[in-house]
Amino acid sequence: MAESVPLSTDRAPAHHEALDRLQTLVADDLSRVNQIILDRMQSSIPLIPQLAGHLVSSGGKRLRPMLTLASAQMLAYEGHRHEGLAACVEFIHTATLLHDDVVDESDLRRGIESANAVWGNKPSVLVGDFLFSRSFELMVEDGSLDVLRILSRAAGIIAEGEVLQLTTSNDLGTTEEAYLEVIGAKTAALFAAACEVAAVVAERPQTEWEALKAYGHNLGVAFQLVDDILDYSAKQAELGKSLGDDFREGKITLPVIIAHSRGTDEERAFWVRTLEDTEQVDGDLDHAIALVRRHEALAETAARAQSFGEAARRALDPFPDNEAKRLLLDIVDFCIDRVY
């Protein structure tokens, strides 16, 4: 059975280099963003920069702030407001990661010990709150009520998405529609806001705000769907992440929803025992991986990711061709093709 949706070979070289080329395009801006991040995570309380720095310097791609920077370049923005907002986006993202690892009881983040594994849950939650406060300071300093509305709303939607995910965890009655609502909030909302604020600072018309928001939203959904696939894929280890974290935590992701819906009574009983009742024994993860493959759930999820990726590409149609736009299109391939 096919377990991937192959891409055309003429596009393959571009997506492998897309992230590097995006980093090169925004290198000067990103250097200033990184300096803002380092400056703003300082505190007279030594544990705060120590814990925050552990995650900030742990090898993250800075994808979300780079989307802000590249979107601004695509719009030919020549000021510097986008740099503070890109730092704001990264602070929101980092804060949510600190909180997520506590909620998920994760021991690893990007292949190294998570902050909560090193310092404990309480410091991780509190430093996450500190980073949220820094993000709001940056929003206020920008001075735009539209920026404040977009980014503060995104922070609220992310929190709603995480709470919604808690209500769907261990519930095999979760529908595909409900799951897409979860990831649209907890992942895609920040992608969307990161792109939309670039149109605000560039003083572009409302239609371009909406176009960049749509690009970011669809890219974020595709990105998360690929993460869902990777949790049941050997490729996960290559990316410095633990295989089967979602399974062990009882998260109901799209591959599970599909495999469960197509399974036999015996297979459904397995999913109930392992995910709803959280009674897992050695060998269960291997069996879960076999089931999602047997029912082509990974290939089906990859097809959904491709569909959202195409929607992200279409959202950029109104913008004139330039290097930044071409790289934003290539980043869609980068996000999806991590699974191959």
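1. A good place to start is helix α3, residues 47–56. Of its 10 residues, 7 are buried, so the helix is largely enclosed by the rest of the structure. Bear in mind as you read on that this is a predicted model. The buried residues of α3 are Ile48, Pro49, Leu51, Ala52, Gly53, Leu55 and Val56. What lies over them? The cover includes the helices α2 (27–40), α5 (81–104), α6 (115–119) and α7 (121–142), along with the strand β1 (108–109). Two of these names, α5 and α7, come back in the points below.

2. Next, have a look at Leu138, which sits in helix α7. Is Leu138 buried or exposed? Its relative accessibility is 7%, so it counts as buried. Leaving aside residues up to four places away in sequence, Leu138 touches Ile36, Arg40, Gly84, Ala87, Cys88 and Phe91. You can also check one distance here: the C-alpha atoms of Leu138 and Arg81 are 9.9 Å apart, although 57 residues separate the two along the chain.

3. Arg81 has a charged partner too. Side chains of opposite charge can pair when their charged atoms come close. Here Arg81 forms a salt bridge with Asp142, and the closest N and O atoms are 2.8 Å apart. Because Asp142 belongs to helix α7 and Arg81 to helix α5, the pair ties together parts that are 61 residues apart in sequence. As for surroundings, Asp142 counts as buried at 16% relative accessibility, while Arg81 is partly exposed, with a relative accessible area of 30%.

4. Stay on helix α7 for another pair. Glu137 and Arg134 make a salt bridge through their side chains, at 3.3 Å from N to O. How many residues apart are Glu137 and Arg134 in helix α7? They are 3 residues apart, about one turn of the helix. Glu137 is partly exposed, with a relative accessible area of 33%, whereas Arg134 is buried at 18%.

5. Now for the wider picture on charge pairs: a search of the whole structure finds 23 salt bridges. One of them joins the side chains of Asp246 and Lys251, with 4.0 Å from N to O. Both partners are buried: Asp246 has 13% relative accessibility, and Lys251 has a relative accessible area of 10%. Elsewhere, salt bridges that share partners link Arg40, Arg134, Glu137 and Glu141 into one network. Arg40 may ring a bell, as it is also among the residues that Leu138 touches.

6. Helix α5 deserves one more stop, at Asp100. This residue is buried, with a relative accessible area of 15%. Which residues does Asp100 touch, not counting those up to four places away in sequence? The answer is Arg109 and Glu162.

7. Two backbone angles are worth a glance. Glu203 is not a glycine, yet it has a positive phi of about 55 degrees. You'll find Glu203 in the loop between α9 (176–201) and α10 (206–230). At 69% relative accessibility, Glu203 counts as exposed.

8. The other angle belongs to Glu296, again not a glycine, with a positive phi of about 55 degrees. Where is Glu296? The residue is placed in the loop between α15 (284–294) and α16 (297–315). Glu296 is partly exposed, with a relative accessible area of 31%.

9. Last, a word on the surface. Which residues form the negative surface patch? Asp171, Glu276, Asp277 and Glu279 do. Glu276 is part of helix α14, which covers residues 265–276. With 31% relative accessibility, Glu276 counts as partly exposed. A patch takes in residues with over 30% relative accessible area and no salt bridge, and the 31% of Glu276 fits that cut-off.

How values were computed
Residues are numbered from 1 along each chain as its sequence is written. This is a predicted model: local features need pLDDT of at least 70, side-chain atom pairs count only at pLDDT 80 or more; totals for chains, interfaces and linings use all residues. Side-chain values use heavy atoms; hydrogens and water are left out. Patches are made of residues with over 30% relative accessible area and no salt bridge: like charges are joined within 9 Å, nonpolar side chains (Val, Leu, Ile, Met, Phe, Trp, Tyr) within 5 Å. Accessible areas come from the Shrake-Rupley method with a 1.4 Å probe; for residues, only the protein chains shown count as cover. Lys and Arg count as positive and Asp and Glu as negative; His and the chain ends are not counted. The place of a charge is taken as NZ of Lys, CZ of Arg, CG of Asp or CD of Glu. Helices (H or I, at least four residues) and strands (E, at least two) are DSSP runs, numbered from the N terminus. Buried means under 20% relative accessible area, exposed over 50%, partly exposed in between (1.4 Å probe, protein chains only). Contact means heavy atoms within 4.5 Å.
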